[in-house]
Amino acid sequence: MGDRKALILGAAPPLVSQLAFSVVSFFSVAGLSRNSSAVELASVIAAYSLESIAVSFANARWASLLVFREAEEPKQGDITHMTRAFLVTAAVGLPVFFLGAFLVERSWWMGLWAAVWSTSMLFGDMLRYAGSRFLGARVISAIGLAHVLAAVGFTFIIPPNVATYLAVLSLISLLAGVAYLVALRRHRRPGRSQAWARHAGFGRSMASEAVMTSAATGLGGAAVTWLNPFLAVGLQLGNQVLGMPATVLAQSFALPLSRRLRERMDSGRYPTKLLTYWAVFALAVPVLGVIALLVLRPLIYLLLGERADLAYYFLPVVFLQAAMTLAWQPFTSARRWTHGPDNPRRHVVVTVAVYYVLLVGVAALVHDQGQILLLLVVGGSVITLSTFVRAVVWGRDGRNWSGVDASVKPMSKRTPGAPRGQALPDNSVERMADDEY
């Protein structure tokens with residue numbers, strides 16, 4: 001009972017934070033779906049897809065470094081350092097987001113506002129991520145609720161044009177980010193930690209991994225909008241109603257589950273049952289999500305308008321995406337311990353890249369709606385099945401692992417008479433936590 005309570009308490013802050021962001025993102029896109037053309041919506045999706053790469057990089061490079069190296073209590077100087085880094089990331093990202101949106105519609109005005117909104121979401125989301133790691137559930141709930149009420153309330157007000165709609169949403173996101181910043185700076189000790197210099201290599205490694213695992217998603221999503229806006233809108237709306245909520249729920253429990261996994265493997269055990277239960281839970285989330293969407297179909301149509309047809313049409317593809325990325329996470333986390341970070345990283349990067357190559361190829365070569373769905377379901381099923389097979393193999397091989405002295409480097413290949421893999425040196429095993437695929 002105590003373990004379950006600790007698990008729920010550990011998942012509460014990131015769950016509340018991610019849930020608020022998911023609601024804001026959903027209603028923002030829903031408002032665009034009701035009040036903009038398909039091409040305008042596709043322009044915003046292109047910029048938003050590229051924004052996902054930047055936010056993954058920044059979260060891993062700065063916020064995650066403090067999570068893993070400075071534990072619970074960053075100092076005033078640490079918050080300032082992170083904030084400046086987030087501002088630089090947002091400034092660098094702005095022209096990139098503009099280019100991504102501009103290539104869809106060739107509209108300077110629409111490209112500008114899509115980029116402004118994506119940049120504002122980026123800045124607010126980076127501070128929200130840091131806040132979810134270092135603030136209590138009560139503060140996060142207050143800021144998240146205010147953000148939700150402001151953004152959701154505005155999405156039901158018919159704006160005079162898309163630019164005004166995006167401008168107001170941008171302001172709301174910036175204000176939410178500032179609220180997290182004020183809360184983060186409150187009652188902090190003066191000074192600055194040594195993590196930025198002492199563990200700079202760790203931060204760069206985390207950032208590199210985040211970019212590799214998110215680049216295929218971000219670039220692939222943007223490429224689909226350039227090649228086939230119809231498909232891009234359908235997949236984005238499907239992701240808003242299923243993919244994002246499923247990921248929010250599963251990833252919120254991933255942090256405390258990763259810590260529990262680390263503790264058990266640190267003691268020399270390979271927790272096969274924990275991995276299996278975790279994978280079953282992660283897969284059950286999108287399954288229950290599909291059932292809920294079928295029950296709530298009239299409500300979804302009210303929120304998305306006539307484009308809800310696209311969301312439901314491409315729901316099988318979005319379900320495969322969620323199943324592929326969520327159910328394998330516990331096994332890749334354990335694999336990092338037994339074989340080092342490069343082994344599962346290659347698998348994740350290659351699998352996601354292959355999936356998005358398929359997606360981009362279909363977007364470029366096929367324009368019949370039925371053929372698109374058939375090809376993506378068949379191809380996505382094969383790729384998803386391969387990830388499950390890999391997870392089963394990793395779970396089976398892990399039983400041959402035996403905990404050894406942590407000073408010994410992990411082996412990438414088995415040698416005669418040696419265990420399958422060995423514990424990672426130093427604290428690099430902490431990379432298991434908070435994977436974002």
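Of the 437 residues of the protein chain, 58% count as buried. The model is a predicted one. Its secondary structure comes to 16 helices and zero strands. The chain exposes about 18300 Å². Carbon and sulfur atoms supply 66% of that area. Contacts across the sequence were also counted. Among contacts between residues at least 6 apart in sequence, 82% join residues at least 24 apart.

Helix α3 covers residues 76-105. Its axis comes within 9 Å of the axis of helix α6, residues 162-185. The two axes cross at roughly 160°. The pair is therefore roughly antiparallel, because an angle over 145 degrees falls in that class. On the α3 side, the contact is made by Q76, I79, T80 and T83. On the α6 side, L181, L184 and R185 take part.

L184 deserves a separate description. This residue sits in helix α6. Its relative accessibility is 1%. L184 therefore counts as buried, since the cut-off is under 20%. Leaving aside residues up to four places away in sequence, L184 touches I79, L127, A130, G131, F134 and L135. I79 also belongs to the α3 side of the contact with α6. L184 can be compared with K75 in sequence and in space. The two are 109 residues apart in sequence. Their C-alpha atoms are 9.3 Å apart in space.

Another residue of α3 is V96. V96 has a relative accessible area of 43%. It is therefore partly exposed, because partly exposed residues fall between the 20% and 50% limits. V96 and E51 are 45 residues apart in sequence. From C-alpha to C-alpha, V96 and E51 are 8.8 Å apart.

The loop between α3 and α4 holds R106. R106 is not a glycine, although its phi is positive, at about 60°. Its relative accessible area is 53%. R106 is therefore exposed, as the class begins over 50%.

Helix α4 spans residues 108-134. Both R128 and D125 lie in this helix. They are three residues apart, about one turn of the helix. The two side chains form a salt bridge. Their closest N and O atoms are 2.4 Å apart. Are the partners buried or exposed? R128 is buried, with a relative accessible area of 6%. D125 is buried as well, at 7%.

How many salt bridges does the structure hold? There are two. Besides the pair in α4, D397 and R396 meet through their side chains. The N to O distance in this salt bridge is 3.2 Å. D397 has a relative accessible area of 9%. It is therefore buried.

A nonpolar patch lies on the surface. It is formed by V287, L288, I291, V295, L296, L299 and L302. Together, these residues have about 660 Å² of accessible area. Two helices, α10 (272-295) and α11 (297-304), each supply at least two residues of the patch. Which helix gives the most? That helix is α10, with four residues. I291 is one of the patch residues, and it is found in α10. Its relative accessibility is 48%. I291 therefore counts as partly exposed. A residue needs over 30% relative accessible area to join a patch, and I291 has 48%.

Helix α15 covers residues 342-365. V354 lies in this helix. At 42% relative accessibility, V354 counts as partly exposed. V354 and I383 are 29 residues apart in sequence. Their C-alpha atoms are 8.1 Å apart in space.

Conventions: Residues numbered from 1 in each chain as written. Predicted model: local features only at pLDDT ≥ 70, side-chain atom pairs only at ≥ 80, totals over all residues. Heavy atoms only, no water. Salt bridge = Lys/Arg side-chain N within 4 Å of Asp/Glu carboxyl O. Buried < 20%, exposed > 50% of the residue type's maximum accessible area, 1.4 Å probe, protein only. Patch = residues over 30% accessible without salt bridge, like charges linked within 9 Å, V, L, I, M, F, W, Y side chains within 5 Å. Areas by Shrake-Rupley, 256 points an atom, 1.4 Å probe, with all protein chains shown as cover. Contact = heavy atoms within 4.5 Å. Axes fitted to C-alpha atoms, helices over the stretch in contact; angles between N-to-C directions. Parallel < 35°, antiparallel > 145°, perpendicular 65-115°, else oblique.
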